[in-house]
Amino acid sequence: MSEYHLILPAMGESVAEATIVRWVKSEGDTIKEEDILVEIATDKVDSEVPSPVSGILKKKLFAPSQVAKVGTPIAVLELTGEVVQDEVVKNPAITAQKKTETSRQSLLPNELSKEEPTKNHRGRFYSPLVRSIAQKEGISQTELDRIPGSGKEGRLTKDNLLAHLNPPTSDASSSPLTTPPSAKAVTISSRDERHEIIEMDRMRKIIATHMVDSRRTAAHVTSFVDADVTHIVEWREKLKEHFKQRTGIRLSFMSVFVQAVVKAIQDFPMINISIEGDTIIKKKEIHIGMATTLPNGNLIVPVIKTANAYNLNDLAGIIDDLAKRARSNQLQPDEIQGGTYTITNIGSFGNILGTPIIHQPQVAIMAVGAIQKKPTVIETSEGDLIGIRHKMYLSHSYDHRVVDGALGCGFVKRVAEYLEDFDPNTEICTPPLVNSSAVEEIKKYPSSLSCF
């Protein structure tokens, strides 16, 4: 029998490590190919790691709460039968890991990261989930230590903590939560009692680093264009209720914005690039990132892969599905990577203009502002007149190292033109079944769509 070292796979852009949350299998267990071995958590998504091979779990190289680097072995499996390592790596599920695995097969367990599990000074263990809930609810370490636990060796479980937070006889209004989500209140000295000091959570630290690195890397320039979107507003108002009743999906403006951006990228393909050193990488596929605000205030950017392949109905379903799963922390790692251009909707916060920061390694990003009614000069064959129109601003930030004004300004102007030329009689097709996650229906019933 031979050994197979399970490698922690890549999980998205800027994700370099993950926390081991829970081992689903125990040492000595027989493992089948595709069995889930371990649950992991990153700053962006929680995920499960399946076994790409069949065998026996011989050794876990990381304990719960320890942090493992991407590309590092996290477990050793003993392969059954006559399968050898060279045959194993032909499995499509681990082909991408082959190069990393080859260079790390000789890595011994005592050479791996030895970060200690999360414990208090008395050695009581707290899982990452319990820690996360405690942080969000503003539970101090002292209070956490006092809560009785029903788990093994007195371990505090999620149910114990939730029961403490919501006792049956307590008055919910008697203990308001004042600590912002995803932040931890830090004890401060009496001389600082006029202030509250909030420690950044890990995701916020990564976002901060990413933003600073982007500003340091790219020469940011922002151009602004206003667009008359009256036809789009009237079209959506006419169809949104019918669309919602038929599909369970909210017909948002974002599907139209994405379609317009995709068309403009096809006209200006040099916007769809990235930079590697002194080399420009021109992308053949169009993957649109959609900046999404999470309930705790942090940001995540799910990606609409091959966005140019979809019509408005498809985009509405995909956008609705990605946004819902992003906010409930259910995105898969590959759904937040590979974007080639990003859109952020600042209009949802009532903002009309912005200077968005480029999502590296992309070279441009567009912010769409709030739609407002404004008096506008309307040109007609009989002369000019003043009318009330629905207007919005597009804010386009681009990397001036590779995107000059003619391209950066021309691109955002073209997006505005596509929005203004939108046909208010555009038909939108809907899947025959009501489904809040219509993506699978679109794939399963492509020939049975009805339009109205």
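# Briefing on a predicted single-chain model

Asn329 has a relative accessible area of 33%, which makes this residue partly exposed. Asn329 belongs to the loop between α9 and β18, and its phi is near 60 degrees, a positive value in a residue other than glycine. The structure is a predicted model, and its chain holds 11 helices and 23 strands. Of the 452 residues of the chain, 43% count as buried, and among the contacts with a separation of 6 or more, 63% are between residues 24 or more positions apart.

**Backbone features in loops**

- Most residues other than glycine have a negative phi, and most peptide bonds are trans.
- Thr306, which is not a glycine, has a positive phi of about 50 degrees, and this residue sits in the loop between β17 (303-304) and α9.
- Because its relative accessibility is 27%, Thr306 counts as partly exposed.
- A cis peptide bond runs from Gln360 to Pro361, with omega near 5 degrees, and Pro361 is placed in the loop between β18 and β19.

**The second largest pocket**

- Rolling a probe the size of a water molecule over the atoms shows where empty space is left.
- The second largest pocket has a volume of about 1200 Å³, and of the 46 residues that line this pocket, Ala291, Thr292, Thr293, Thr344 and Asn345 are the closest to its centre.
- Both helices and strands contribute to the lining of the second largest pocket, since at least two residues each are supplied by the helices α6 (202-217), α8 (254-267) and α9 (312-327) and by the strands β15 (292-293), β16 (299-300), β18 (341-345) and β19 (364-368).
- Sorted by class, the lining of the second largest pocket is made of 24 nonpolar, 15 polar and 7 charged residues.

**Helix α6**

- The 16 residues of α6 should span 22 Å at 1.5 Å a residue, and the C-alpha atoms at the ends of α6 are 22 Å apart, which agrees with that expectation.
- Which residues of α6 are buried? In this helix, Met203, Ile207, His210 and Ser214 are buried, and, seen down the axis of α6, the buried residues fall within an arc of 65 degrees, so they line one face of the helix.
- An α-helix has 3.6 residues a turn, so residues three or four places apart point the same way.
- The partners against which the buried residues of α6 pack are β11 (220-228) and β16.

**Buried residues in strands**

- His220 lies in strand β11 and is buried, because its relative accessible area is 18%, under the 20% limit.
- Leaving aside neighbours within four places in sequence, His220 is in contact with Ser214 and Arg215, and also with Pro356, Ile357, Ile358 and Tyr398; Ser214 is one of the buried residues of α6.
- His220 and His400 are 180 residues apart along the chain, yet their C-alpha atoms are separated by 6.2 Å.
- Ala364 is part of strand β19, and with a relative accessible area of 1% Ala364 is buried.
- Not counting residues up to four places away in sequence, Ala364 touches Ile271, Tyr341, Thr342, Ile358, His396, Ser397 and Tyr398.
- For one of these partners, His396, the position along the chain is 32 residues from Ala364, while the two C-alpha atoms are separated by 7.1 Å.
- Ile358 and Tyr398 appear among the contacts of His220, and Ile358 and Tyr398 also appear among the residues that Ala364 touches.
- His390 is found in strand β21 (residues 383-399) and is buried, with a relative accessible area of 18%.
- Beyond its neighbours within four places in sequence, His390 is in contact with Ala227, Asp228, Val229, Thr230 and Val233, and likewise with Ile371, Gln372 and Lys373.

**A buried arginine in helix α3**

- Is Arg131, a residue of helix α3 (residues 128-136), buried or exposed? With a relative accessibility of 18%, Arg131 counts as buried.
- Arg131 and Gln141 are 10 residues apart in sequence, and the distance between them in space, C-alpha to C-alpha, is 9.5 Å.

Key. Residues numbered from 1 in each chain as written. Predicted model: local features only at pLDDT ≥ 70, side-chain atom pairs only at ≥ 80, totals over all residues. Heavy atoms only, no water. 1 Å grid on protein atoms, 1.4 Å probe; cavity = no way out; pocket = protein on both sides within 12 Å on 5 of 7 lines; lining within 4 Å. Points joined across faces, edges and corners; volume = space filled by probe spheres on them. Helix = DSSP H or I, 4+ residues; strand = E, 2+ residues; numbered from the N terminus. Nonpolar A, V, L, I, M, F, W, Y, C, P; charged D, E, K, R; others polar. Expected span 1.5 Å × (residues − 1). Buried < 20%, exposed > 50% of the residue type's maximum accessible area, 1.4 Å probe, protein only. Arc of directions from axis to C-beta. Contact = heavy atoms within 4.5 Å.
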